[in-house]
Amino acid sequence: QVQLVESGGGLVQAGGSLRLSCAGSGMIDSINAMGWYRQAPGKRRELVAALTRTDSTKYADSVKGRFTISRGNAKNTVYLQMNSLKPEDTAVYYCNAKVTVVAVDMDYWGKGTLVTVSS
């Protein structure tokens with residue numbers, strides 16, 4: 001089991017910045033990748049950014065050049081620095097951990113943190 005706790009969401013004006021944090025606990029040595037997804041009202045949950053155990057990154061096209069995912073000093077912590085925020089970035093942001101245990105791949109999710117960008 002992996003537990004994920006997000007923090008850092010809030011209300012910001014367009015053009016502003018926020019940093020989201022996610023701290024994992026539990027079977028953190030089994031984590032292959034951590035990332036951030038978001039879900040806006042009426043839309044499907046989508047990948048925002050991901051960071052693998054080997055520090056490879058992946059970003060949604062809509063956030064490239066504006067968002068940066070990074071790992072904290074503790075390997076169970078991941079950050080999402082969001083700059084030049086736009087109203088369309090408004091969503092609930094969820095931290096995700098991909099774990100393999102006994103050859104079984106599993107996803108763990110945090111409860112989410114709301115980001116609201118006003119125009």
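**Exercise 1. Is Gly65 buried or exposed?**

Solution. Start with the accessible area. Gly65 is exposed, because its relative accessible area is 84%. The scale is as follows: buried means under 20% relative accessible area, exposed over 50%, and partly exposed in between, with a 1.4 Å probe and protein chains only. Next, place the residue. Gly65 sits in the loop between β6 (57-59) and β7. Strands here are DSSP runs (E, at least two residues), numbered from the N terminus. Last, take a distance. From Gly65 to Ala49, C-alpha to C-alpha, is 12 Å in space, and the two are 16 residues apart in sequence.

The model is predicted: local features need pLDDT of at least 70, side-chain atom pairs count only at pLDDT 80 or more, and totals for chains, interfaces and linings use all residues. Residues are numbered from 1 along each chain as its sequence is written, and side-chain values use heavy atoms, with hydrogens and water left out.

**Exercise 2. Work out the strand order of the open sheet of four strands, and find its edges.**

Solution. Step one is the order. The open sheet runs β1-β3-β8-β7, with antiparallel pairing. Two strands pair if DSSP finds at least two bridges between them. Step two is the edges. β1 (2-7) and β7 (67-71) each have a single partner strand, so one side of each has no neighbour in the sheet. Step three is the twist. Neighbouring strands of this sheet are turned by 15 degrees against each other on average, direction ignored. The axes are lines fitted to C-alpha atoms, and angles run from 0 to 180 degrees between N-to-C directions. Step four checks one pairing. Six bridges join β1 to β3 (residues 18-26) in the antiparallel sense. Within this pairing, Gln3 stands opposite Ser25 in β3.

**Exercise 3. Trace the partners of strand β4.**

Solution. Take β9 (residues 91-101). It pairs with β4 in the antiparallel sense over eight bridges. Arg38 has Tyr93 in β9 as its bridge partner. Now take β5 (residues 46-52). β4 and β5 run antiparallel and share six bridges. Tyr37 has Leu47 in β5 as its bridge partner. β4 and β5 also form a hairpin with six residues between them. In that turn, Gly42 has a positive phi of about 80 degrees. Finally, check burial. Seven of the nine residues of β4 (residues 31-39) are buried, so the strand is largely enclosed by the rest of the structure.

**Exercise 4. Describe the largest nonpolar core.**

Solution. Fix the term: a nonpolar core is a set of buried Ala, Val, Leu, Ile, Met, Phe, Trp, Tyr and Cys residues joined through side-chain atoms within 4.5 Å. The largest one has 29 residues. Trp36, Leu80, Met82 and Tyr93 have the most contacts inside it. Elements giving two or more residues include β8 (77-82) and β11 (113-118). β9 gives the most, with five residues. Then look at one member. Leu80 has contacts (heavy atoms within 4.5 Å) beyond its neighbours within four places in sequence, among them Leu18, Trp36, Phe67 and Tyr93.

**Exercise 5. Characterise the disulfide.**

Solution. The structure holds one disulfide (a pair of cysteine sulfur atoms within 2.5 Å). Cys22 is joined to Cys95, S to S 2.0 Å. The link of Cys22 and Cys95 is left-handed, with -85 degrees about the S-S bond. Cys22 lies in β3 and Cys95 in β9, so the pair ties together parts 73 residues apart in sequence. Both Cys22 and Cys95 are buried.

**Exercise 6. Follow the salt bridges around Asp89, then contrast the pair of Asp55 and Arg71.**

Solution. Six salt bridges are present (a side-chain nitrogen of Lys or Arg within 4 Å of a carboxyl oxygen of Asp or Glu). Asp89 meets Arg38 at 3.0 Å, N to O. Asp89 is in the loop between β8 and β9 and Arg38 in β4, so the pair ties together parts 51 residues apart in sequence. Asp89 also bridges to Arg66, with the closest N and O atoms 2.8 Å apart. Arg66 is in the loop between β6 and β7, 23 residues from Asp89. Arg66 is buried at 10% relative accessible area, and Asp89 at 1%. Shared partners join Arg38, Glu46, Arg66 and Asp89 into one network.

Now the other pair. Asp55 and Arg71 meet in a salt bridge at 2.7 Å, N to O. Asp55 is exposed at 52% relative accessible area, and Arg71 is partly exposed at 29%.
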